[in-house]
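I opened a structure that was new to me and kept notes as I went. The entries follow the order in which I looked things up.

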Amino acid sequence: MNQILQRRTVGRLALAGLLLMSAAAGFVRPAQAADEAPDALVKRLSSDVLDTIKADKSIKAGDIGKIMVLVDTKIMPNVNFLRMTSSAVGPAWRQATPEQQKRLEEEFKTLLVRTYAGALDQVSDQTVSVRPFRGSPDDKEVLVRTEVRGGGGDPVQLDYRLEKTPGEAGGWKIYNINVLGVWLVDTYRTQFAQQINSKGIDGLIAALAARNKSNGKG
């Protein structure tokens with residue numbers, strides 16, 4: 001039971017960190033981002049976001065409006081959110097209309113922000129270290145493993161999957177995150193599949209919208 005509770009707590013913190021990598025994004029010029037090694041990117045983003053959360057009382061308190069603005073303006077350059085959403089939806093994504101895909105992206109992003117914003121008050125003295133990276137310059141997809149220490153608990157493994165994207169604004173983009181052996185996208189894919197099987201894509205969109213409305217209360 002303690003392991004489950006720890007996983008839930010760390011999961012909230014981990015995703016909150018993912019969603020709030022805005023601080024680092026603001027300091028990266030496109031050319032620099034394209035040249036930056038994936039492990040260096042994760043290290044810098046992780047450290048900067050923790051510092052930002054600790055320093056900004058409104059973010060730490062879970063100010064949804066401020067968090068949403070930061071996500072929309074800063075984090076998207078560092079995350080392939082389209083891939084995250086399509087992977088979470090699974091095979092049904094290919095049958096969804098462009099409008100349905102747009103709604104799914106919007107509702108999924110809102111779900112993540114609203115679900116995990118409340119965990120930011122748990123950020124205290126945590127630090128992140130990147131474990132030895134095994135990759136080559138020719139890799140298009142890589143795994144970066146990190147360890148989170150502090151916060152009064154045991155060290156926690158937190159891993160990122162990244163892909164290399166082309167173009168001037170390209171570089172390494174995060175598309176999945178693993179907390180204590182559980183991949184975020186895989187977890188949501190299981191939940192979404194149940195909804196899609198019973199009520200289709202529109203049913204999933206409606207369920208997400210209803211959950212977001214519920215999460216927004218209070």
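**Entry 1: helix H7 and its end.** I began at the residue after H7. Glycine 90 follows this helix, and its phi is positive, near 85 degrees. The model is predicted, so I read its angles as computed values. H7 spans residues 81-89. I listed its buried residues: Phe81, Met84, Thr85, Ser86, Ala88 and Val89. Arginine 83 I looked up separately. It lies over the face of tyrosine 175, 3.6 Å from the ring centre.

**Entry 2: the whole chain.** Next I stepped back. I counted 9 helices and 5 strands. How do the elements run from the N terminus on? The order is α-α-α-α-α-α-α-α-β-β-β-β-β-α. The chain has 218 residues, and 44% of them are buried. About 11200 Å² is exposed, with 51% of that supplied by carbon and sulfur atoms. I also checked contacts between residues at least 6 apart in sequence. Of these, 63% join residues at least 24 apart.

**Entry 3: the sheet.** I then traced the strands. The 5 strands form an open sheet in the order E1-E2-E3-E4-E5, with antiparallel pairing. Which strands stand at the edges? They are E1 (127-130) and E5 (182-183). Each has a single partner strand, so one side of each is left without a neighbour in the sheet.

I went through the pairings in turn.

- E2 (residues 141-150) and E3 (residues 153-165) run antiparallel and are joined by 9 bridges. Valine 144 has tyrosine 160 in E3 as its bridge partner.
- The hairpin of E2 and E3 has 2 residues between the strands, and glycine 151 there takes a positive phi near 75 degrees.
- E3 and E4 (residues 171-179) pair in the antiparallel sense over 8 bridges. Lysine 173 in E4 stands opposite glutamate 163.
- E4 and E5 are also antiparallel, joined by 2 bridges. Valine 182 in E5 is the bridge partner of valine 179.

I noted one general point beside this entry. In a regular strand, side chains alternate between the two faces of the sheet.

**Entry 4: aromatic rings.** I searched for ring pairs and found 4 aromatic pairs in the structure. I took tyrosine 188 and phenylalanine 192 as my example. Their ring centres are 5.6 Å apart and their planes meet at 45 degrees, so the pair is tilted. Both residues lie in H9 (residues 184-215), 4 residues apart, about one turn of the helix. Both are buried. Ring pairs also link them with Phe81 and Phe108 into a cluster.

**Entry 5: the nonpolar core.** Last, I looked at the largest nonpolar core, which has 44 residues. Which members touch the most others? They are Val89, Leu104, Phe108, Leu162, Tyr188, Phe192 and Ile201. Two or more core residues come from each of H4 (38-55), H7, H8 (98-116), E2, E3, E4 and H9. H9 gives the largest share, 9 residues.

I followed leucine 162 further, leaving aside its neighbours within four places in sequence. Its contacts include Pro38, Leu41 and Val42. Val142 and Val144 are also among them, as are Trp172, Lys173, Ile174 and Tyr175. Tyr175 was already in my notes, as the ring under arginine 83.

Notes:
Residues are numbered from 1 along each chain as its sequence is written. This is a predicted model: local features need pLDDT of at least 70, side-chain atom pairs count only at pLDDT 80 or more; totals for chains, interfaces and linings use all residues. Side-chain values use heavy atoms; hydrogens and water are left out. Two strands pair if DSSP finds at least two bridges between them. Buried means under 20% relative accessible area, exposed over 50%, partly exposed in between (1.4 Å probe, protein chains only). Contact means heavy atoms within 4.5 Å. Accessible areas come from the Shrake-Rupley method with a 1.4 Å probe; for residues, only the protein chains shown count as cover. Rings of Phe, Tyr and Trp (its six-membered ring) pair if their centres lie within 6.5 Å; planes under 30 degrees apart count as stacked, over 60 as edge-to-face and the rest as tilted. A charge sits over a ring if NZ of Lys or CZ of Arg is within 6 Å of the ring centre and within 35 degrees of the ring normal. A nonpolar core is a set of buried Ala, Val, Leu, Ile, Met, Phe, Trp, Tyr and Cys residues joined through side-chain atoms within 4.5 Å.
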